[in-house]
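Here are some worked exercises to try with the structure open beside you. Attempt each task before reading its solution.

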Number of protein chains: 2
Amino acid sequence: MTKFTIGQLAQKVNVNIQTIRYYERFGLIEKNIEEESGYRKYSESDVEKMQFIRKSKELGFSLKEISDLLSLKIEPSTKCKEIRKITDSRIENIEHKIVELEKMKNALSKVAKMCDKPDAPICECPILQALNSENEVLKKCH
Amino acid sequence: MTKFTIGQLAQKVNVNIQTIRYYERFGLIEKNIEEESGYRKYSESDVEKMQFIRKSKELGFSLKEISDLLSLKIEPSTKCKEIRKITDSRIENIEHKIVELEKMKNALSKVAKMCDKPDAPICECPILQALNSENEVLKKCH
DNA sequence: TTAAGCATTGTACCTTAGTATAGAGTCAAG
DNA sequence: CTTGACTCTATACTAAGGTACAATGCTTAA
């Protein structure tokens with residue numbers, strides 16, 4: 001397993017070195033010190049973890065929520081009901097986000113289309129109107 | 001058009017009064033003062049706007065990004081190319097988010113299923129493994 | 001007409017998520 | 001064997017997005 005320094009990890013996942021140390025303090029990333037140098041060392045799995053964290057952040061999850069996901073552990077039978085509960089509620093939560101994103105996407109498509117027409121009406125806040133006019137033509141515009 | 005006070009608006013959309021004033025300072029919500037009382041007054045369209053802001057926040061958009069969407073205006077021809085650019089790039093951005101959320105959802109489903117089996121393997125970080133093992137059974141677990 | 005319960009402005013504070021800086025040690029190329 | 005790039009710890013600072021509080025004023029039901 002290849003090992004990198006913190007700077008190399010930072011570069012690979014395109015974050016600030018301080019951010020990695022911050023995640024370490026937060027408990028998201030483990031500290032793993034090389035004996036002689038006293039330098040932190042990281043492996044491919046840390047790269048994956050960091051990428052997961054960054055992606056999740058972009059999707060609107062907090063570090064606490066990300067931590068909950070990362071610290072799920074499957075051990076024989078013990079807490080499987082708990083894991084089901086967590087995963088199920090998170091799946092619902094994600095489905096809800098997807099639905100909302102789809103709505104927003106549709107609204108934006110409408111706005112784009114509306115804008116293409118040469119006789120486009122003047123519109124104060126086209127997104128809200130597009131969002132609230134499910135399937136009907138925008139008529140609130142004057 | 002029904003008018004509400006700030007407290008009523010806050011209650012309707014379930015946010016703190018201070019948050020509404022913060023959004024006003026930020027430029028997301030207009031200030032509209034009633035003559036005699038000096039009280040802010042809000043209408044149904046402010047409710048819609050507030051709901052849009054809250055939803056968008058949950059989906060990981062910043063107030064700045066939300067502001068950009070809300071301040072899109074359609075006016076005859078003038079800046080329609082600009083609007084296309086903004087909406088198109090935002091649509092792409094949303095599609096990317098949806099894809100990532102779908103991946104995460106699938107990974108969570110896998111974890112849930114894995115957990116249900118009586119002979120579930122011990123797993124250190126099942127989400128990452130589920131995410132990275134596109135379509136294959138989780139075999140990194142020991 | 002007065003107290004409770006709203007509203008106003010202004011300022012200060014809080015949390016989350018980083019980012020920067022200082023002073024010291026380590027590594028590797030010339 | 002030094003020099004420049006990198007690391008360490010510790011502490012402080014920043015930015016975004018709120019939240020709380022104080023001093024004051026308006027509203028309304030008893």
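**Exercise 1. Find which residues of α2(B) and α4(B) meet, then describe how the two helices pack.**

Solution. Start with the contact itself: from α2(B), the residues are Tyr22(B), Tyr23(B) and Phe26(B), and they meet Leu63(B), Lys64(B) and Ser67(B) of α4(B). Sorted by class, this contact holds 4 nonpolar, 1 polar and 1 charged residues. Keep in mind that this is a predicted model.

Next comes the geometry. Two packed helices are described by the angle between their axes and the distance between the axes. For α2(B) and helix α4 (residues 63–70) of chain B, the angle is about 65° and the axes are 11 Å apart. Angles of 65 to 115 degrees count as roughly perpendicular, and α2(B) and α4(B) are therefore roughly perpendicular to each other. Finish with the hand: α2(B) passes α4(B) in a right-handed crossing.

**Exercise 2. At what angle do α1(B) and α2(B) pack, and how far apart are their axes?**

Solution. The angle is about 105°, and the axes of α1(B) and α2(B) are 8 Å apart. These two helices, α1(B) and α2(B), are therefore roughly perpendicular to each other.

Now list the residues on each side. α1(B) brings Ile6(B), Gly7(B), Leu9(B) and Ala10(B), which meet Ile17(B), Ile20(B) and Arg21(B) of α2(B). In this contact of α1(B) with α2(B), 5 residues are nonpolar, 1 is polar and 1 is charged.

**Exercise 3. Move to chain A and work out how α3(A) and α4(A) cross.**

Solution. Take the axes of helix α3 (residues 44–58) and helix α4 (residues 63–70) of chain A: they come within 10 Å and cross at roughly 135°. That makes α3(A) oblique to α4(A). The hand of this crossing of α3(A) and α4(A) is right-handed.

For the contact, look along α3(A) for Lys49(A), Phe52(A), Ile53(A), Ser56(A) and Lys57(A); they meet Leu63(A), Ile66(A), Leu69(A) and Leu70(A) in α4(A). The residues of this contact between α3(A) and α4(A) comprise 6 nonpolar, 1 polar and 2 charged.

**Exercise 4. Which residues come nearest to DNA strand D, and which part of the strand do the protein's neighbours belong to?**

Solution. There are 21 residues around DNA strand D, and those that come nearest are Gly7(A), Arg21(A), Arg40(A), Thr19(B) and Tyr23(B). Turning to the strand, sugar or phosphate accounts for 72% of the atoms of DNA strand D within 4 Å of the protein, and bases for the rest.

Then check the phosphates for polar side-chain atoms. An N or O atom in the side chain of Lys31(A) is 2.9 Å from a phosphate oxygen of DNA strand D. For Arg40(A), the corresponding distance is 2.7 Å. From chain B, Tyr23(B) places a polar side-chain atom 2.7 Å from a phosphate oxygen of this strand.

Last, assign the surface to elements. Two or more residues each come from α1 (6–13) and α2 (17–26) of chain A, and from α2 (17–26) and α3 (44–58) of chain B. Of these, α2(B) gives the most, with 5 residues. By class, the surface near DNA strand D has 8 nonpolar, 8 polar and 5 charged residues.

**Exercise 5. Repeat the analysis for DNA strand C: which of the 21 residues around it come nearest?**

Solution. Those residues are Tyr23(A), Tyr39(A), Gly7(B), Arg21(B) and Arg40(B). Of the atoms of DNA strand C that come within 4 Å of the protein, 73% are accounted for by sugar and phosphate.

Look next at the phosphate oxygens of DNA strand C. One lies 3.3 Å from a polar side-chain atom of Arg54(A). For Thr5(B), a side-chain N or O atom is 2.9 Å from a phosphate oxygen of the strand, and for Arg40(B) a polar side-chain atom lies 2.6 Å from one.

Finally, name the elements. At least two residues each are supplied by α2 and α3 of chain A and by α1 (6–13) and α2 of chain B. The largest share of this surface near DNA strand C, 5 residues, belongs to α2(A). Its classes are 8 nonpolar, 8 polar and 5 charged residues.

Key:
Residues numbered from 1 in each chain as written. Chains lettered and ligands numbered in written order. Predicted model: local features only at pLDDT ≥ 70, side-chain atom pairs only at ≥ 80, totals over all residues. Heavy atoms only, no water. Axes fitted to C-alpha atoms, helices over the stretch in contact; angles between N-to-C directions. Helix = DSSP H or I, 4+ residues; strand = E, 2+ residues; numbered from the N terminus. Parallel < 35°, antiparallel > 145°, perpendicular 65-115°, else oblique. Left-handed = near helix turned anticlockwise from the far one by under 90°. Contact = heavy atoms within 4.5 Å. Nonpolar A, V, L, I, M, F, W, Y, C, P; charged D, E, K, R; others polar. Near = heavy atom within 4 Å. Polar contact = N/O pair within 3.5 Å; in protein donor to acceptor, adjacent residues only side chain to side chain.
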